[in-house]
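Good morning, colleagues. I should like to take a few minutes to go through three residues in turn.

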Amino acid sequence: MSSNAYYKYRSLTDVEARKVFTVPRKRITDEIVVTATLQGDIIGFFSLVNYNGPELYDFFLAPDFIGKGYGKIMFYEMKKMARNQGWKKLEWQSDPFARGFYLKMGAIEVPDKIEICPLNPKFQSPRFEYYLE
């Protein structure tokens, strides 16, 4: 997967990648899942859930589009959709390499909720919260 190479994770097999990155149909119908498209091609997506409190569950942008403003556009759209749900705060576990992006967008890192990254156990996955007010 190109995103794994971009972030210097070990390469995943197609089977492993499908387990990690497939969004089941039930999630698409039960959650807020939004795709980002450019000239008809999907370049990213995000999902919002509210099981144990509002959470940004997925936020993915294809590596060729990182650093070009598309992530910022997706983040603003995600904030708008979360506010429209009446939510005041979002939380999420992040890929460690996305830390800088989320901090730049105004998220607050919660240092006592760090987990081990499932794609590479030598990395820690930071936890963030973002106030929507």
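**Three residues, three settings**

Let me begin with Gln-39, which counts as exposed because its relative accessibility is 80%. I should say at once that we are looking at a predicted model. Gln-39 sits in the loop that joins strand E1 (32-38) and strand E2 (41-50). Its backbone deserves attention as well: phi of Gln-39 is near 50 degrees, a positive value in a residue that is not glycine.

I turn next to Asp-58, a residue of strand E3, which covers residues 54-61. Is Asp-58 buried or exposed? With a relative accessible area of 18%, Asp-58 is buried, because the cut-off for that class is under 20%. And what does its side chain contact? The side chain of Asp-58 forms a polar contact with the side chain of Ser-47, at 2.8 Å.

My last residue is Leu-90, located in strand E4, residues 89-93. Its relative accessibility is 0%, and therefore Leu-90 counts as buried. Which residues does Leu-90 touch, if we set aside those up to four places away in sequence? The list comprises Leu-48, Pro-54, Glu-55, Leu-56, Met-78, Ala-82, Phe-128, Glu-129, Tyr-130 and Leu-132. A further pairing concerns Gly-53: 37 residues separate Leu-90 from Gly-53 in sequence, while their C-alpha atoms are 7.8 Å apart in space.

To recapitulate, Gln-39 is exposed in a loop, Asp-58 is buried in strand E3, and Leu-90 is buried in strand E4. Thank you for your attention.

How values were computed. Residues numbered from 1 in each chain as written. Predicted model: local features only at pLDDT ≥ 70, side-chain atom pairs only at ≥ 80, totals over all residues. Heavy atoms only, no water. Helix = DSSP H or I, 4+ residues; strand = E, 2+ residues; numbered from the N terminus. Buried < 20%, exposed > 50% of the residue type's maximum accessible area, 1.4 Å probe, protein only. Contact = heavy atoms within 4.5 Å. Polar contact = N/O pair within 3.5 Å; in protein donor to acceptor, adjacent residues only side chain to side chain.
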